[in-house]
Amino acid sequence: MRYDALRPARGPARWVRVLGYAALLLLVQSALSRLADAAGVPAPDLFLLTGAALAWRLPPVWALTGAYAVGLGQDVLGGGVLGLHAAGVMGGALLALGVRRYVVDSGPFQAPLTVLLALAGQWLVFLLLTYWLRTDLVTADLLRATLPPLLLGTLLVFPLWERAVVWAFGPRSGPEEGLA
């Protein structure tokens, strides 16, 4: 298969893929959340993976804007603190942009590093907002109980979810392509 064949076409076909991706994101995240709740573990964060994917495919300003929009959609649909996930997904995309900028294309090492730093960026923003708002949204017990299984689940889901991302948005661009 040609590399260019994976890139979405211009025009209405591109938007149909993006809308299909959004529907798939909601459906799969809902199913994973339901299954994970039954198992007593946190669900993999497909919204964060979407924000990280945008960081690899768009110029930085548009990637951060898109990641914020994805997180805001998660906040609106989830009924949590409005803006918390928006800022978290944007923080994860910001660190994913750092991986894109400073880590050369090293194949299997780059993908887990992107997921790890995106998750770290998200939770650092959560901690910062928790401190700023003087709330107990994020506690040490929550971090110990949530982060390890969340990281493992997100890393396990990432290779499969990346196929859906490539279908909707096209393949990753080069490390420094579109960063200037």
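Biologist: Is Thr 50 buried or exposed?

Modeller: Start with relative accessible area. Under 20% counts as buried. This is a predicted model, and in it Thr 50 has a relative accessible area of 2%, so Thr 50 is buried.

Biologist: Where does Thr 50 sit, and which residues does Thr 50 touch?

Modeller: Thr 50 is in helix α2. Leave out residues up to four places away in sequence. Then Thr 50 touches Tyr 21, Leu 25, Val 70 and Trp 161. With Tyr 21 there is also a polar contact, side chain to side chain, at 2.5 Å.

Biologist: Which residue far along the chain can I compare by C-alpha distance with Thr 50?

Modeller: Take Glu 162. Thr 50 and Glu 162 are 112 residues apart along the chain, yet 8.9 Å separates their C-alpha atoms.

Biologist: What salt bridge does Glu 162 make?

Modeller: Look for a side-chain nitrogen of Lys or Arg within 4 Å of a carboxyl oxygen of Asp or Glu. The side chain of Glu 162 pairs with that of Arg 57, N to O at 2.8 Å. Both Glu 162 and Arg 57 are buried. Glu 162 belongs to helix α6 (residues 140–169) and Arg 57 to helix α2, so this salt bridge ties together parts that are 105 residues apart in sequence.

Biologist: How many salt bridges does the structure hold?

Modeller: There are 2. Arg 144 and Asp 141 form a salt bridge too, with the closest N and O atoms 2.4 Å apart. Read its sequence spacing next. Arg 144 and Asp 141 are 3 residues apart in helix α6, so about one helical turn separates them. Arg 144 and Asp 141 are both exposed.

Biologist: Step back to the fold. How many helices and strands are there?

Modeller: The secondary structure comes to 6 helices and 0 strands. Along the sequence the pattern reads α-α-α-α-α-α.

Biologist: What share of the residues counts as buried?

Modeller: Of the 180 residues, 41% are buried. For contacts, check the separation in sequence. Among contacts with a separation of 6 or more, 67% join residues 24 or more positions apart.

Biologist: How many residues does the largest nonpolar core have?

Modeller: Think of a core as buried nonpolar residues joined through their side chains. The largest here has 19 residues, and Ala 55, Leu 119, Trp 123, Phe 126 and Leu 129 have the most contacts inside it. Helices α2 (46–57), α3, α4 and α5 each supply at least two residues of this core. Apart from this core lies another, of 16 residues, including Leu 46, Val 70, Val 157 and Trp 161.

Biologist: What does Leu 119 touch beyond its sequence neighbours?

Modeller: Setting aside residues up to four places away, Leu 119 touches Leu 48, Leu 150 and Leu 151.

Biologist: Now polar residues in α5. Is Thr 114 buried or exposed?

Modeller: Thr 114 is in helix α5. Its relative accessibility is 1%, so Thr 114 counts as buried. The side chains of Thr 114 and Trp 56 make a polar contact of 3.4 Å. Beyond residues up to four places away in sequence, Thr 114 touches Ala 52, Trp 56, Ala 96, Val 99 and Arg 172.

Biologist: And Thr 130, where is its place?

Modeller: Thr 130 is also in helix α5 (residues 110–133). Its relative accessible area is 6%, so Thr 130 is buried. Check the backbone as a partner. A polar side-chain atom of Thr 130 lies 2.8 Å from the backbone oxygen of Phe 126. Leaving aside neighbours within four places in sequence, Thr 130 contacts Thr 135, Asp 136, Leu 137 and Val 138.

Biologist: Which loop holds Arg 134?

Modeller: Arg 134 lies in the loop between α5 and α6. Look at phi: for Arg 134 it is near 55°, a positive value in a residue other than glycine. Arg 134 has a relative accessible area of 62%, so this residue is exposed.

Biologist: Last, the surface. Which residues make the nonpolar patch?

Modeller: Tyr 68, Leu 72, Val 76, Leu 82 and Met 90 make a patch of about 440 Å². Helix α3 (residues 60–78) gives the largest share, 3 residues. Met 90 comes from helix α4 (residues 84–102). With a relative accessible area of 30%, Met 90 is partly exposed.

Biologist: What is the accessible surface of the whole protein?

Modeller: About 10,100 Å², with 71% belonging to carbon and sulfur atoms.

How values were computed: Residues are numbered from 1 along each chain as its sequence is written. This is a predicted model: local features need pLDDT of at least 70, side-chain atom pairs count only at pLDDT 80 or more; totals for chains, interfaces and linings use all residues. Side-chain values use heavy atoms; hydrogens and water are left out. Patches are made of residues with over 30% relative accessible area and no salt bridge: like charges are joined within 9 Å, nonpolar side chains (Val, Leu, Ile, Met, Phe, Trp, Tyr) within 5 Å. Accessible areas come from the Shrake-Rupley method with a 1.4 Å probe; for residues, only the protein chains shown count as cover. Helices (H or I, at least four residues) and strands (E, at least two) are DSSP runs, numbered from the N terminus. Buried means under 20% relative accessible area, exposed over 50%, partly exposed in between (1.4 Å probe, protein chains only). A polar contact is a pair of N or O atoms within 3.5 Å; within protein, one must be able to donate a hydrogen and the other to accept it, and residues adjacent in sequence count only if both atoms are side-chain atoms. Contact means heavy atoms within 4.5 Å. A nonpolar core is a set of buried Ala, Val, Leu, Ile, Met, Phe, Trp, Tyr and Cys residues joined through side-chain atoms within 4.5 Å.
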